[in-house]
Amino acid sequence: MTEEELHDCLYRLGNGDNEAFTLLHNSIRQQVYGTVCLLVNRQADVADVVNEIYIELFRSLQKYDGKRPFGAWLNGMIVRQCSNWKRRSWRRLRIVIRSRENASEVLFPGADISLLKQEQRGALLELVAGLSPKLRSVIVLRYYGECSFDDIASALDIPLGTAKSRHHKALRKLRQNAALTEEEELKGEWACLSRIN
């Protein structure tokens, strides 16, 4: 859908046209879902975050500035909603931990952690998930959303230089973490071989 068709669709949607919602949803659903999958650590939370993004989209549709590209505005909203979700999840987790501590229970990592690891889709996604939210947002928008640095800066509401420096820092951390992971795997293989011999 071109930017002009999109603006027409948004105008019709603002006037209550249900068909416009279907058109908008069909044109952005893959972008929304894919970006959320990469930004949210728990795949079980993806559907909830996507729903919140659509709710926020309708709430703030009247605030959308038609002079800005819709994709950048949408990406900014996706990143903000994912950050809000993580913040609320962290608060809920802290409440659970405190209640368990008060009940003299010890929180041990259990089956949930192994299930989460199984849900990860490869070594690269695991490395990206290990980045801080600020760095991860830039990587996801750059390589999954195929955004330019200008679009990233606009979506995250940061200066262009900051977008570029976060990108550089994220790539450096990914390279370092990939090297450490590879080194640990090699040590594990050598340890197994030494036990066999």
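Here are a few friendly notes on how helix 2 packs against two other helices in this predicted model, with a closer look at one serine.

1. A good place to begin is the pairing of helix 2 (residues 18–39) with helix 3 (residues 46–59), whose axes lie 10 Å apart at an angle of about 135°. The two helices are therefore oblique to each other, and their crossing is right-handed.

2. Many side chains come together there. From helix 2, the residues taking part include Phe21, Leu24, Ile28 and Val32, and among their partners in helix 3 are Val46, Val50, Ile53 and Leu57. By type, the residues of this contact comprise 14 nonpolar, one polar and one charged.

3. Now turn to helix 2 and helix 7, which pack at about 140° with 10 Å between their axes. This pair is therefore oblique too, and helix 2 and helix 7 make a right-handed crossing. Helix 2 contributes Gln30, Gln31, Gly34, Thr35, Leu38 and Leu39, while helix 7 contributes Arg136, Ser137, Val140 and Tyr144. Here the residues divide into four nonpolar, five polar and one charged.

4. Ser137 deserves a look of its own. Ser137 sits in helix 7, which spans residues 133–144. Is Ser137 buried or exposed? With a relative accessible area of 6%, Ser137 counts as buried because that value is under 20%.

5. What does the side chain of Ser137 reach? Its partner is the backbone oxygen of Pro133, at 2.7 Å. Beyond neighbours within four places in sequence, Ser137 is in contact with Leu39, Val79 and Leu156.

How values were computed. Residues are numbered from 1 along each chain as its sequence is written. This is a predicted model: local features need pLDDT of at least 70, side-chain atom pairs count only at pLDDT 80 or more; totals for chains, interfaces and linings use all residues. Side-chain values use heavy atoms; hydrogens and water are left out. Helices (H or I, at least four residues) and strands (E, at least two) are DSSP runs, numbered from the N terminus. Buried means under 20% relative accessible area, exposed over 50%, partly exposed in between (1.4 Å probe, protein chains only). A polar contact is a pair of N or O atoms within 3.5 Å; within protein, one must be able to donate a hydrogen and the other to accept it, and residues adjacent in sequence count only if both atoms are side-chain atoms. Contact means heavy atoms within 4.5 Å. Axes are lines fitted to C-alpha atoms, for helices over the stretch in contact, and angles run from 0 to 180 degrees between N-to-C directions. Angles under 35 degrees count as roughly parallel, over 145 as roughly antiparallel, 65 to 115 as roughly perpendicular and the rest as oblique. A crossing is left-handed if the near helix is turned anticlockwise from the far one by less than a right angle, and right-handed if clockwise. Ala, Val, Leu, Ile, Met, Phe, Trp, Tyr, Cys and Pro count as nonpolar, Asp, Glu, Lys and Arg as charged, and the others, Gly among them, as polar.
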